[in-house]
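Biologist: Please take a close look at a single part of this model and explain how that part is placed among its surroundings. I would like each term to come with its cut-offs.

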Amino acid sequence: MSNPYLKVMYSHQIEDLGSKLFHFAKTFQWLISAKDADLDRAETIQKILKSCQEFGFFQAINHGVSECLMNDTMSVFKEFFGMPAEYKENFFSNDPNKSCRLYSSTLNYDKEEVHYWRDNFTHHCHPLEENMQIWPEKPTRYREVVGTYSAEVRKLLLRILDLICEGLGLELGYFGDEASKIQLLSVNHHIPCPDPSLTLGMPEHCDPNLISILHQCDVYGLQAFKDGQWIGVEPLPSAFVVIPGLQLRVISNEKLISPKHRVVTDAKESRTTIGTFLIPSHDFLIEPARALVNENNSPLYRTFKYKEFFSTFTGKIFLVLYQRFTVHFGYADLARSDMEKASNTQATQFFGNLGSFLRKCFFRVLCIGPVPNHIAFIMDGNRRYARKHKLIEGSGHKIGFLALMSILRYCYELGVKYVTIYAFSIENFKRRPEEVQSVMELMQEKIEGLIKEESIVNHYGVRVYFIGNLKLLSRSVRLAAERAMAATAGNSKAVLSICVAYTSTDEIVHAVQESCEEKWDEIRVLDASGAGYGLIGLGGSEMDEREHLIDIADVEKHMYMAVAPDPDILIRTSGETRLSNFLLWQSAHCHLYSPSMLWPEIGFWHLVRAVLDFQRNFVYLEEKKKQV
Ligand SMILES: O=C(O)CCC(=O)C(=O)O
Ligand SMILES: [Fe+2]
């Protein structure tokens with residue numbers, strides 16, 4: 001690179017140019033059969049997942065796109081880049097919003113101090129009819145060949161996504177429609193570089209989209225970062241390199257990673273590669289797939305719209321993803337959330353076990369005093385938490401659910417036999433329909449999770465009751481609740497009462513009505529036998545009897561909450577000191593505790609504090625109970 005301009009503008013001083021260890025590349029070529037119904041399907045899926053997990057991506061051969069079409073397309077692009085500058089100038093633009101453009105270096109040309117050795121031509125290609133008009137007319141074959149190629153590659157990508165979808169255990173079509181709506185063609189062209197040690201063809205990056213497929217020519221340049229070093233990916237002109245993008249990383253909750261890669265330059269030969277990216281529509285909500293998230297696998301990312309993500313796109317996309325889109329738990333005991341986020345590593349598992357051991361030791365000491373038999377929670381502050389952390393609506397409830405799982409674990413470890421939670425009040429049905437709908441969906445999903453073998457409920461032998469006017473729930477949620485109650489009916493170590501469609505006044509009215517009906521039934525039986533009160537023509541003393549028709553014991557018997565003794569402690573988060581129509585009948589003698597943190601922030605020490613307060617007041621509370 002003798003030209004001083006080039007030296008200044010392109011010099012990145014690359015210290016490590018990476019090794020050309022092609023054997024690595026060979027280990028991840030998997031055959032994608034042209035036929036989906038092929039017997040090898042299950043094996044192919046396993047190989048794809050394994051390869052993606054081990055290397056980050058894979059090369060597809062025997063993929064069904066004809067070699068002839070691939071060669072034709074490559075030659076069309078080589079021809080395009082070889083056309084006179086005056087023609088190509090028509091497409092040149094530094095405006096990333098332009099839908100068909102030629103530019104140099106990266107998306108940040110104007111902002112970067114040092115450029116990369118790359119030209120790129122990019123345009124949309126789906127649906128074809130809507131986009132083709134703005135594509136180049138020269139070479140004359142461009143529209144026909146690139147159109148056919150784009151359609152074929154789209155089919156292949158969707159098939160690969162289906163295989164990944166099946167491999168991850170997601171519902172069929174998860175990556176269809178809006179998730180992969182946009183298809184972008186991105187053709188890189190690198191002319192020979194006088195000094196490859198000075199610059200790169202593309203900086204290290206992860207692809208920001210859902211998935212990419214790359215058709216390399218026969219000139220080497222692509223490198224992947226693995227085990228701390230840059231390793232060359234062998235160019236196989238008839239193969240496609242399939243690269244999961246960052247959105248796939250998020251949706252798979254990191255079951256798949258989006259590999260870091262870069263391009264080195266070549267001193268002698270030009271290199272052209274054809275990338276095709278499938279991209280979610282701008283308003284598509286990206287989040288860890290619900291099927292992949294449970295109490296043992298917390299969501300590692302918050303929900304976000306694709307456009308929100310892409311607007312933050314800079315070269316340092318990886319960092320951005322972590323800074324802005326990971327779930328920020330903000331719990332008081334951050335150590336716990338960190339453990340939950342990365343529960344797979346050995347180190348965190350060690351600390352997780354250590355934390356659990358220390359917690360159990362602490363509980364042993366706490367158990368020297370009276371241990372509450374029943375703790376009730378009003379989980380207040382999920383929505384405020386989402387607003388406070390600028391999270392998308394609904395995320396607060398999801399994080400709140402994780403907090404609940406931790407608190408339940410602590411309660412059962414401490415030896416608390418009954419836990420009751422206020423999950424959804426009858427009043428809550430008055431909220432916006434979309435909000436009610438999304439809480440109900442979350443509820444159904446979590447209820448279904450409860451009966452899974454590995455759930456906390458089965459781990460601690462907890463019997464689950466849903467408390468409230470269940471008729472107000474949608475049929476699917478009600479059925480899920482009934483299934484969970486039936487599935488846990490054999491558990492006897494502890495009881496979890498989940499109040500849904502509940503208010504205390506509704507519970508009392510319902511219990512009184514039930515008691516009355518029961519009495520009327522008794523009366524009718526007695527009347528029929530001729531020994532009864534006989535309502536018609538009641539005399540004075542019989543009137544007195546009617547006044548005492550039902551008593552407290554009758555009503556209590558018919559309370560939804562008859563499945564548990566009265567609570568010893570009632571905790572309401574968010575610093576609110578109201579009971580909001582929760583357990584009014586049952587809370588006459590319980591210790592109230594209302595810490596200021598929002599529900600998703602509740603942690604171990606808040607529970608300890610509540611129990612210590614209860615122990616301090618225990619004698620007094622017991623005295624009060626005796627006076628009744
Ligand atoms: O040209 C290559 O080999 C890689 C291209 C690439 O990574 C990209 O366009 O995102
Ligand atoms: Fe890339």
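Modeller: A residue counts as buried when its relative accessible area is under 20%, as exposed when it is over 50%, and as partly exposed in between, with a 1.4 Å probe and protein chains only. By that rule glycine 221 is buried, with a relative accessible area of 0%, and I will start from this residue. The model is predicted, which is why local features need pLDDT of at least 70 and side-chain atom pairs count only at pLDDT 80 or more, whereas totals for chains, interfaces and linings use all residues. Residues are numbered from 1 along each chain as its sequence is written, chains are lettered from A and ligands numbered from 1 in the order in which they are written, and side-chain values use heavy atoms, with hydrogens and water left out.

Glycine 221 sits in the loop that joins strand S7 (211-216) to strand S8 (222-226); helices (H or I, at least four residues) and strands (E, at least two) are DSSP runs, numbered from the N terminus. Leaving aside residues up to four places away in sequence, glycine 221 touches Arg262, Val263, Val264 and Arg271, where a contact means heavy atoms within 4.5 Å. Aspartate 266 is 45 residues from glycine 221 in sequence, yet the two C-alpha atoms are 7.2 Å apart in space.

Two of the residues that glycine 221 touches, Arg262 and Val263, belong to strand S11 (residues 261-264), which also holds histidine 261. This histidine leads to the metal site, where His205 (NE2), Asp207 (OD) and His261 (NE2) coordinate the iron ion (ligand 2) at 2.1 to 2.2 Å; donors are N, O and S atoms within 2.8 Å of the metal (3.2 Å for Na, K and Ca), and as water is not among the atoms, sites may look incomplete. Along the sequence the spacing of these donor residues reads H-x1-D-x53-H. Because histidine 205 lies in strand S6 (residues 200-205) and histidine 261 in strand S11, the pair ties together parts that are 56 residues apart in sequence. Both histidines are buried, histidine 205 at 15% relative accessibility and histidine 261 at 4%.

Strand S7, on one side of the glycine's loop, begins at residue 211. Isoleucine 211 touches, among others, Leu157, Ile160, Leu161 and Ile164, and also Val242, Ile243 and Phe277. Together with Phe121, Ile164, Phe175 and Leu185, Ile211 has the most contacts inside the largest nonpolar core, which has 68 residues; such a core is a set of buried Ala, Val, Leu, Ile, Met, Phe, Trp, Tyr and Cys residues joined through side-chain atoms within 4.5 Å. Helix H7 (residues 142-168) supplies the largest share of this core, 13 residues. A second core, separate from this one, has 56 residues and includes Tyr410, Ala494, Ile571 and Phe614.

As for the wider setting, the protein has 21 helices and 20 strands, and buried residues make up 52% of its 628 residues. Of the contacts with a separation of 6 or more, 77% join residues 24 or more positions apart, and the link between glycine 221 and Arg262 is one of the contacts described above.
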